[in-house]
Amino acid sequence: MNRIFGNECRRMFRAMECRAALCLGCGIAFWHFWQNVYQVEMMGHGLPESLYASWIGAGSHAMQSYWYYLILPLLAVMPYGGAFYDDLHSGYARSLLLRCSRKTYFRARGMAVFFSGGFSVTVPLLLNFLLTAAQRPAAGPFPYIGIGPVSYCVGADFYYAHPLIYTGIYLMFDFAAGGILALSAALLGYVVNYRAAALLIPYGIYYLLFSLGNILDTIVYSPNYFLIPGMGIRKMDSIFLTVATAVAVTALYWHKGVRYEA
């Protein structure tokens, strides 16, 4: 399995779609840094800029942050979600299944797809955080300036006490979310007849939740809201729904894989 996983990761890094996703994500991250960090010295409320109030994950007040989290599903599925569909329908998967078991192949392939989604989503965020850290002091965040999770958010006290650890944990959460989005595109590769549908349906659901959140005033359940570290998770229900979705997508992917007939 390790050999298959390594081979799939090499294919991912060599793919044009992976490079395009990284260029797009890192381009937005650098654009945010240049416009909102490098060229700005003071915050709107007169306080000096700081790392945790300035980087792209501080909130959705910056245009680049808004757009990054809005297109996050596309960044997640671009590198390898479509490649899984291609392999299932081109005969590549069948050729590998002659050399290993279905469990081995689909486990390794699922891990590679998951890693591709998390990698493409997290690298631009990490790049922006490091660029901002090179320009801004890592002063502790202040709850009274309106940037950062409010008091009733999950882990808000921990954020203000240990912001670096909180941010690291949240980046891992975003990594997992990107991986599940990519794996959902792989799952759709079993059932849809068009490659574009496998890539766009996860984004369609993501955008639907965003739209319904604005219409029904349930934006706290919208992923492009609670995936932003500086916004935080205001409802434990969001965590339960995210975990339930991740379990369902993983279980269905595995079920379809072990029953797949080459």
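This report walks through a few helices of a predicted model and how they pack.

Some ground rules come up front. Local features here need pLDDT of at least 70 and side-chain atom pairs count only at pLDDT 80 or more, while totals for chains, interfaces and linings use all residues. Residues are numbered from 1 along each chain as its sequence is written, and side-chain values use heavy atoms, with hydrogens and water left out. Helices are DSSP runs (H or I, at least four residues), numbered from the N terminus.

**Helix H2**

Let's start with H2, which covers residues 16-38. Its 23 residues should span 33 Å at 1.5 Å a residue, and the end C-alpha atoms sit 30 Å apart, which agrees. The expected span is 1.5 Å times one less than the number of residues. Buried means under 20% relative accessible area, with a 1.4 Å probe and protein chains only. By that cut-off, the buried residues of H2 are Cys 18, Ala 21, Leu 22, Gly 25, Cys 26, Ile 28, Ala 29, His 32, Phe 33 and Val 37. An α-helix has 3.6 residues a turn, so residues three or four places apart point the same way. The buried residues of H2 pack against H1 (2-14), H3 (51-54), H4 (63-70), H5 (72-77) and H8 (102-135).

**Helix H4**

H4 has its own buried set: Gln 64, Ser 65, Tyr 68, Tyr 69 and Leu 70. Among the elements covering them are H2, H5, H8, H10, H11 (195-216) and H12 (223-226).

**Two helix pairs**

Axes are lines fitted to C-alpha atoms, for helices over the stretch in contact, and angles run from 0 to 180 degrees between N-to-C directions. The axes of H6 (residues 81-90) and H10 (residues 163-191) come within 8 Å and cross at roughly 25 degrees. That makes H6 and H10 roughly parallel (angles under 35 degrees). Contact means heavy atoms within 4.5 Å. On the H6 side you'll find Gly 81, Phe 84, Tyr 85, Leu 88 and His 89, which meet Ala 182, Ala 185, Ala 186, Gly 189 and Tyr 190 of H10. Sorted by class, that contact has seven nonpolar, three polar and no charged residues. Here Ala, Val, Leu, Ile, Met, Phe, Trp, Tyr, Cys and Pro count as nonpolar, Asp, Glu, Lys and Arg as charged, and the others, Gly among them, as polar.

H8 and H13 (residues 236-258) pack at about 145 degrees, with axes 9 Å apart. H8 brings Arg 102, Lys 103, Phe 106, Arg 107, Arg 109 and Gly 110 to the contact, and H13 brings Tyr 253, Trp 254, Gly 257 and Val 258. This contact of H8 with H13 has four nonpolar, two polar and four charged residues.

**Three buried residues of H10**

Back on H10, the table gives three of its residues, with contacts that leave aside neighbours within four places in sequence.

| Residue | Relative accessibility | Contacts |
|---|---|---|
| Asp 174 | 1%, buried | Tyr 69, Val 121, Thr 122, Leu 125, Leu 227, Pro 229 |
| Leu 181 | 15%, buried | Leu 72, Pro 73, Ala 76, Val 77, Pro 202 |
| Leu 188 | 17%, buried | Ala 197, Ala 198, Ile 201, Pro 202 |

Two of these contacts come with C-alpha distances. Leu 181 and Pro 202 are 21 residues apart in sequence and 6.6 Å apart in space. Leu 188 and Ala 198 are ten residues apart in sequence and 5.2 Å apart in space.

How values were computed. Helices (H or I, at least four residues) and strands (E, at least two) are DSSP runs, numbered from the N terminus. Buried means under 20% relative accessible area, exposed over 50%, partly exposed in between (1.4 Å probe, protein chains only). Angles under 35 degrees count as roughly parallel, over 145 as roughly antiparallel, 65 to 115 as roughly perpendicular and the rest as oblique.
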